[in-house]
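Please find below some comments on the model, set out as numbered points. They begin with an enclosed space and then turn to one chain and its two interfaces.

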Amino acid sequence: MHRIDCPWCGLRDEIEFAYRGDATVRRPPADAGIDAFYEYVYLRDNPRGWHVEWWHHAAGCRQWIKVVRHTTTHAIHATAKADEDMQVPRS
Amino acid sequence: MPASAPEPLSALHGVAAPGRHAVGGEAPLTLRERRPSLAMLLARKARARDVAAAVQRRFGLALPAPGRAAAAQDASAIWTQPDGWLLSADGAAARDFAGAVKSAVGDAGSVVDQTHGKAVLLLTGAPARRVLATGCRIDLHPRVFAPGRSAVTQIAHIDCILRQVDAAPGYELIVPSSLAEAFYGWLTHAASAYGYEVLAPA
Amino acid sequence: MSRYSAFRLFLNGLTGHASWPRAWRNPEPRSSYDVVIVGGGGHGLAAAYYLAKEHGIANVAVVEKGPIGLGNTGRNTTIVRSNYMFPQNHRFYEWSLKLWEGLEQDLNFNAMVSQRGVLGLFHSDGQRQIFARRGNWMRLSGIDAELLDRDQVRAIVPQLDFDNARFPIMGGLLQRRGGTVRHDAVAWGYARAADRRGVDIIQHCEVTGIRIVANRVAGVETTRGFIGAKKIGLAVAGNTSHLAAMVGLRLPIESHVLQAFVSEGLKPFVDCVVTFGAGHFYISQSDKGGLVFGGNIDGYNSYAQRGNLPAMEHVWTAGVALMPALSRVRVLRQWGGVMDMTMDGSPLICRTPVEGLYLDGGWCYGGFKATPAAGWCHAHTIANDAPHALNSHFTIDRFRQGLTIDERGAGPNPWLQ
Ligand SMILES: Cc1cc2nc3c(=O)[nH]c(=O)nc-3n(C[C@H](O)[C@H](O)[C@H](O)COP(=O)(O)OP(=O)(O)OC[C@H]3O[C@@H](n4cnc5c(N)ncnc54)[C@H](O)[C@@H]3O)c2cc1C
Ligand SMILES: [Zn+2]
């Protein structure tokens with residue numbers, strides 16, 4: 001069971017959240033061209049290890065938050081508000 | 001609303017019937033439907049300060065911080081999301097409460113009447129925490145949760161805004177009215193382990 | 001190596017089954033091969049088998065990091081069917097179903113192919129329309145599909161909740177030729193048949209790197225040393241992104257975990273496979289009597305072969321809502337498998353930008369049924385350096401071209417596919 005520390009609400013169970021994927025991808029400028037949008041929409045690093053990702057606290061404060069989570073241990077390293085930058089631990 | 005329009009019935013009308021459901025003669029829990037007027041208030045972008053000042057002026061109410069609730073003479077508020085609160089009022093203040101909130105905040109905030117969108121239950125008594133623990137996943141232990149605290153969460157898979165009102169302990173449980181009957185069924189089932197009494201709506 | 005037969009079974013029975021020969025060799029890796037297939041699941045073993053059988057390429061190794069068949073092949077709920085809507089999908093899966101139908105004879109192995117029928121339930125007029133359209137589309141391609149009404153469903157699975165269900169059952173789409181196949185036997189059958197044709201199956205050998213010279217593969221770095229290869233095929237299920245990253249390739253894939261459950265053994269209870277899409281639940285009964293069931297993916301990126309409690313609760317709740325009798329059934333085992341979830345829910349069997357590197361991945365939760373056809377198409381693509389018509393649309397490039405095959409219409413959200 002993931003217990004996610006929402007920066008607004010505190011520690012909550014994963015069922016209150018909706019997963020929204022990789023939080024490192026950035027929408028390119030509108031005129032960036034087809035390749036940039038192809039990468040943005042479709043390609044993912046999909047790392048085996050630490051992953052910065054969006055979780056939407058749908059049944060709580062309704063905010064999108066960032067979570068640094070490990071994809072093999074499911075350990076959560078840190079959480080932050082949507083506009084904060086997240087550091088991924090080495091290892 | 002024209003004066004002749006009937007007042008909508010509560011979502012728990014005919015569901016939360018008063019009565020005693022004792023276990024071994026004991027009914028340590030009380031359950032009561034409350035019927036306040038409710039208004040959801042969201043500050044518009046960068047207007048949270050203005051909204052807070054307006055609510056303070058009009059209702060003498062300091063809008064609470066995340067995870068908190070606050071009460072004043074005529075109204076009370078629960079934090080529900082960043083720059084967002086659920087406001088409630090009883091008695092005389094309940095008349096056109098959403099309109100009153102809107103006229104207070106003006107263009108600094110958006111207000112939606114939730115009076116019939118949600119149902120409100122008050123659960124009080126020594127075993128209340130244990131009853132809630134069978135469906136609520138947040139920690140309500142007095143060490144971390146006390147009167148004045150609130151949470152937006154899910155209880156028994158139903159969205160619920162919860163506020164602790166006293167140390168009895170008593171909890172106000174605010175759920176979507178379309179799911180209120182299901183929630184009531186769950187709550188009374190959980191409470192039936194200890195015994196409870198349903199009081200007439202207040 | 002000898003053929004399996006009833007007579008052999010009898011003979012070996014006389015000696016207490018103590019003298020069966022090994023089903024496949026356990027060779028040391030040679031220094032190089034014409035083709036190295038990475039991943040000893042059903043897909044990798046099938047690719048090796050069809051390379052040898054269909055294309056005369058037998059100088060092949062299957063390199064597997066653990067024992068064969070313990071990845072998703074040994075973790076899935078074994079449903080096989082070809083009831084997809086889009087022709088790109090149902091033609092491919094129908095070819096797979098045809099291969100399943102002849103598989104046991106072909107491999108001389110009892111894979112317990114059981115065409116017990118796959119029944120998908122619908123619960124509203126809108127859903128009926130969609131199922132009818134899917135069924136019609138299948139029939140136009142010569143694939144069997146029958147639209148059943150409520151009473152016809154009741155005749156097949158009377159134990160569903162017809163009277164009080166949260167989602168009232170209005171009917172179902174039945175594919176009688178669908179069913180289940182014994183998952184381990186698929187890996188073992190392909191392994192034995194490939195081995196007999198000269199393929200080396202190298203277990204406990206993890207690929208840690210892919211050596212490239214002038215944009216062409218040269219071989220694989222493994223925990224047992226370098227193995228040269230003219231061509232390399234990847235069939236590593238949930239680890240496709242990880243292997244592709246070894247050559248700097250990013251893919252339209254996220255790895256997600258899906259759980260499965262098996263109950264205590266019961267007397268015959270469910271004759272066919274029943275799928276309850278509206279509630280994310282499907283169920284069948286194994287020949288041993290265990291109910292085999294599952295539901296939706298957990299829904300977050302994961303390489304852990306285990307899931308979490310919310311998904312379990314969801315699956316069980318849906319199950320009990322559909323078949324109230326299940327509330328009394330004890331679950332004996334539960335596990336998770338890691339799958340490639342693609343951005344359109346459809347797979348990849350294709351060449352890659354690296355010469356001599358081929359891909360069979362992106363199977364989401366439905367690649368077991370694809371095992372024969374995926375191996376067959378992967379082998380074809382490797383042997384000819386070009387896809388077969390059956391898999392020519394399963395490319396990486398379809399995403400760039402706007403030719404996604406999004407059966408579910410979930411868009412580029414792999415956790416929703
Ligand atoms: C719970 C669950 C239920 C499912 N139910 C169904 C179903 O009912 N019907 C259906 O059609 N599909 C189902 N699927 C999907 C199906 O199981 C898979 O798509 C299919 O089995 C994939 O086969 P494979 O041979 O590609 O993968 P696998 O059997 O996983 O084989 C891949 C192999 O690659 C090996 N490997 C990985 N990395 C390396 C490396 N670096 N070096 C060497 N070897 C490596 C792994 O150890 C593994 O053995 C389900 C999946 C799961 C998880
Ligand atoms: Zn929150």
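1. The model is a predicted one, and the first item to look at is its largest cavity, which is lined by C:D161, C:A165, C:R166, C:F167, C:I169, C:F276, C:A321 and C:L322. By class, this lining comprises six nonpolar residues and two charged ones, with no polar residue among them. The volume of the largest cavity is about 50 Å³, and the count of cavities of 30 Å³ or more comes to one.

2. Chain A deserves a description of its own before its partners are considered. Its secondary structure consists of one helix and six strands, and these elements follow one another from the N terminus in the order β-β-β-α-β-β-β. Taken along the principal axes, the box filled by the C-alpha atoms of chain A is roughly 40 × 30 × 20 Å.

3. How many residues of chain A are in contact with chain C? The contact involves 27 residues of chain A and 30 residues of chain C, and the area buried between the two chains is about 2600 Å², with carbon and sulfur atoms giving 51% of that area. On the chain A side, A:Y42, A:N46 and A:R48 supply 28% of the area buried against chain C, which is more than any other three residues supply.

4. The polar side of this interface can be set out in some detail. Between chain A and chain C there are 18 residue pairs in polar contact, counted where both residues have pLDDT of 80 or more, and three salt bridges are found across the interface. In one salt bridge, the side chain of A:D45 meets that of C:R250 with an N to O distance of 2.7 Å.

5. Which elements of chain A give two or more residues to the side that touches chain C? They are β3 (18–22), α1 (34–42) and β4 (50–56) of chain A, and the largest share, six residues, comes from α1(A). Sorted by class, the residues on this side of chain A are 10 nonpolar, eight polar and nine charged.

6. The contact with chain B should be read alongside the one just described. Here 14 residues of chain A are in contact with 12 residues of chain B, and the two chains bury about 1100 Å² between them, 54% of it on carbon and sulfur atoms. The residues of chain A that lose the most area to chain B are A:W8, A:R12 and A:I15, which together account for 40% of what that side buries.

7. As for specific interactions with chain B, one salt bridge is found across the interface of chain A and chain B, and the side chains of A:D13 and B:R137 meet in a salt bridge at 3.1 Å, N to O. Three residue pairs are in polar contact across this interface, again with both residues at pLDDT 80 or more. Strand β2 of chain A, residues 10–13, gives the most to the side of chain A that touches chain B, contributing three residues, and that side as a whole has seven nonpolar, two polar and five charged residues.

8. In sum, the points to check on the displayed structure include the salt bridge between C:R250 and A:D45, the salt bridge between B:R137 and A:D13, and the six residues that α1(A) brings to the side of chain A that touches chain C.

Terms used
Residues are numbered from 1 along each chain as its sequence is written. Chains are lettered from A and ligands numbered from 1 in the order in which they are written. This is a predicted model: local features need pLDDT of at least 70, side-chain atom pairs count only at pLDDT 80 or more; totals for chains, interfaces and linings use all residues. Side-chain values use heavy atoms; hydrogens and water are left out. On a 1 Å grid over the protein atoms alone, a cavity is a set of points where a 1.4 Å probe fits but cannot get out, and a pocket is an open set with protein on both sides within 12 Å along at least five of seven lines; lining residues have an atom within 4 Å of a point. Grid points are joined across faces, edges and corners, and a volume is the space filled by probe spheres set on the points. Ala, Val, Leu, Ile, Met, Phe, Trp, Tyr, Cys and Pro count as nonpolar, Asp, Glu, Lys and Arg as charged, and the others, Gly among them, as polar. Contact means heavy atoms within 4.5 Å. Buried area is the accessible area (1.4 Å probe) that two parts lose on being put together, summed over both. A salt bridge is a side-chain nitrogen of Lys or Arg within 4 Å of a carboxyl oxygen of Asp or Glu. A polar contact is a pair of N or O atoms within 3.5 Å; within protein, one must be able to donate a hydrogen and the other to accept it, and residues adjacent in sequence count only if both atoms are side-chain atoms. Helices (H or I, at least four residues) and strands (E, at least two) are DSSP runs, numbered from the N terminus.
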